[in-house]
Amino acid sequence: MFHVKHPEYMKYKIALIGSDTLIGESLYRIIKFETDHELHAFYSSDISLIDDERIKSFKFEKNDLKKLKRSIIDYKPDILINASLIHDPLLFRGKSSNLIYSNVELNELSASISKIIECHVISFSSHLIFDGTKKEYTEESAPTTRHKFSQSILAGENAIRIDANSFMIFRLGRVFGQTSYNNDDFIRFYIFKLLKNKEIYLSKNYYFNPVFTDDISLSLINSFINKNEIINICSSEYFNEFDIISNLSDKLNINKNLIKLKDDYPIGNYNLINHKQLSFFPIEPAGIDNAFFIFNKNNSWSK
């Protein structure tokens, strides 16, 4: 069982935007089962798996942010969490306007709300705001974006950092986790291709910190009292995508011959380093055992 170690425990009113996203699912589950906080979940998918009458919920339409804003303001949360980040370009399918909506506009909305009701905002960013040309990146490293995808993430981060009443921003490595909404992550994306006997091409030059969604949630929940900080959520180790998928395929007895080495060109080292030394839940290296637990063939292989 997970354990929440809040140093100065208080009961908060929490508004969670994106309870149906990969990160939001985990936050919803951890807040519900591991804390006494009051939760109001905001989601945009056509289905809702919120089945607890104690938890308030609100379905919002992407073209009606004014209604979402009014609903959150009426709730008057102590903490507003925006978990709607599109964090992996591998999984992005759709128009660039959807990218701006999720990564920028919802952060701008969160910052605006925080000024009106003086609530604390927690949001997410990604290692992709860096160009990968350095060996490691700390919280003090200057962002150096390469692409529109990473530029949208940085714009959303800046909206929170500059305009919010008070904030915490969690920069993430590459994310994976459990899902009930068929949300994809990079492990599920590649493993399903292998199960369908499709070849995949992976690089040994793309290094990153894999992070498990429940570790992200526990770190966040145990850091509620921290204000105006940017934190790298990462393990002490990092890996390339070829090795992590190959190792997982071994554990799952999946044909590794379908895994091909991508042309060996430089992509970058996205190694996040946490120098804050906060007292929140520690992130375990690799997360391979977590991935094996989640993606074993008896439980979570349906799609």
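Colleague: Is Lys59 buried, partly exposed or exposed, and what relative accessibility does Lys59 have?

Modeller: Bear in mind that this is a predicted model, and that every value here is computed from it. Lys59 counts as partly exposed because its relative accessibility is 30%, and partly exposed is the class between under 20%, which is buried, and over 50%, which is exposed. Lys59 also has a partner, since its side chain meets that of Glu61 in a salt bridge with 3.2 Å from N to O, and Glu61, at 43% relative accessibility, counts as partly exposed as well.

Colleague: How should I read a salt bridge in general, and how many salt bridges does the structure hold?

Modeller: The general idea is that side chains of opposite charge can pair when their charged atoms come close. In this model there are 10 salt bridges. One of them joins Asp214 and Arg29, whose closest N and O atoms are 2.6 Å apart; this pair links distant parts of the chain, with Asp214 in helix H6 (residues 213–221) and Arg29 in helix H1 (residues 22–34), 185 residues apart.

Colleague: Are Asp214 and Arg29 buried, partly exposed or exposed?

Modeller: Asp214 is buried, with a relative accessible area of 0%, whereas Arg29 counts as partly exposed at 22%. You can set beside this the salt bridge of Asp185 with Arg188, where the closest N and O atoms are 3.2 Å apart and where Asp185 and Arg188 are both buried.

Colleague: Which residues are linked in a network of salt bridges?

Modeller: The network is made up of Asp88, Arg174, Glu241 and Lys262, which are linked to one another through salt bridges.

Colleague: How do I read the packing of two helices, and at what angle do the axes of H2 and H3 cross?

Modeller: Two packed helices are described by the angle between their axes and the distance between the axes. Here the axes of helix H2 (residues 65–75) and helix H3 (residues 96–117) come within 10 Å and cross at roughly 40°, and the crossing in which H2 passes H3 is right-handed. On the H2 side the contact is made by Leu65, Leu68, Lys69, Ile72 and Ile73, while on the H3 side the residues include Tyr101, Leu106, Leu109 and Ile113. Sorted by class, the contact has 10 nonpolar, 1 polar and 2 charged residues.

Colleague: What span does helix H4 reach, and what is expected for it?

Modeller: Helix H4 (residues 148–163) has 16 residues and reaches 22 Å from its first C-alpha to its last, which is close to the 22 Å expected at 1.5 Å a residue. Among its buried residues are Phe149, Ile153, Leu154 and Ile160, together with Ser150, Ser152 and Glu157. The buried residues of H4 pack against H3, strand E5 (120–126), strand E6 (166–172) and strand E11 (229–233).

Colleague: What do His40 and Ile200 touch, once their neighbours in sequence are left aside?

Modeller: His40 lies in strand E2 (residues 38–43) and is buried, with a relative accessible area of 8%. Beyond four places in sequence, His40 is in contact with Ile14, Ala15, Leu16, Lys56, Ser57, Phe58 and Tyr75. Ile200, found in strand E8 (residues 200–202), is likewise buried, with a relative accessible area of 2%. With residues up to four places away not counted, Ile200 touches Tyr190, Lys193, Leu194, Ile245, Leu258, Ile259 and Lys260. Ile200 and Tyr190 are 10 residues apart in sequence, and their C-alpha atoms are 7.0 Å apart in space.

Colleague: How do I read phi, and what value does Lys76 have?

Modeller: Most residues other than glycine have a negative phi. Lys76, however, has a phi near 55°, a positive value in a residue other than glycine; Lys76 is found in the loop between H2 and strand E4 (79–82) and is exposed, with a relative accessible area of 52%. Glu118 also has a positive phi, near 55°; the place of Glu118 is in the loop between H3 and E5, and Glu118 counts as exposed at 61% relative accessibility.

Colleague: How many helices and strands does the protein come to, and what share of its residues count as buried?

Modeller: The secondary structure comes to 8 helices and 14 strands, and of the 303 residues 57% count as buried. Among contacts between residues at least 6 apart in sequence, 81% join residues at least 24 apart.

Terms used:
Residues numbered from 1 in each chain as written. Predicted model: local features only at pLDDT ≥ 70, side-chain atom pairs only at ≥ 80, totals over all residues. Heavy atoms only, no water. Axes fitted to C-alpha atoms, helices over the stretch in contact; angles between N-to-C directions. Helix = DSSP H or I, 4+ residues; strand = E, 2+ residues; numbered from the N terminus. Left-handed = near helix turned anticlockwise from the far one by under 90°. Contact = heavy atoms within 4.5 Å. Nonpolar A, V, L, I, M, F, W, Y, C, P; charged D, E, K, R; others polar. Expected span 1.5 Å × (residues − 1). Buried < 20%, exposed > 50% of the residue type's maximum accessible area, 1.4 Å probe, protein only. Salt bridge = Lys/Arg side-chain N within 4 Å of Asp/Glu carboxyl O.
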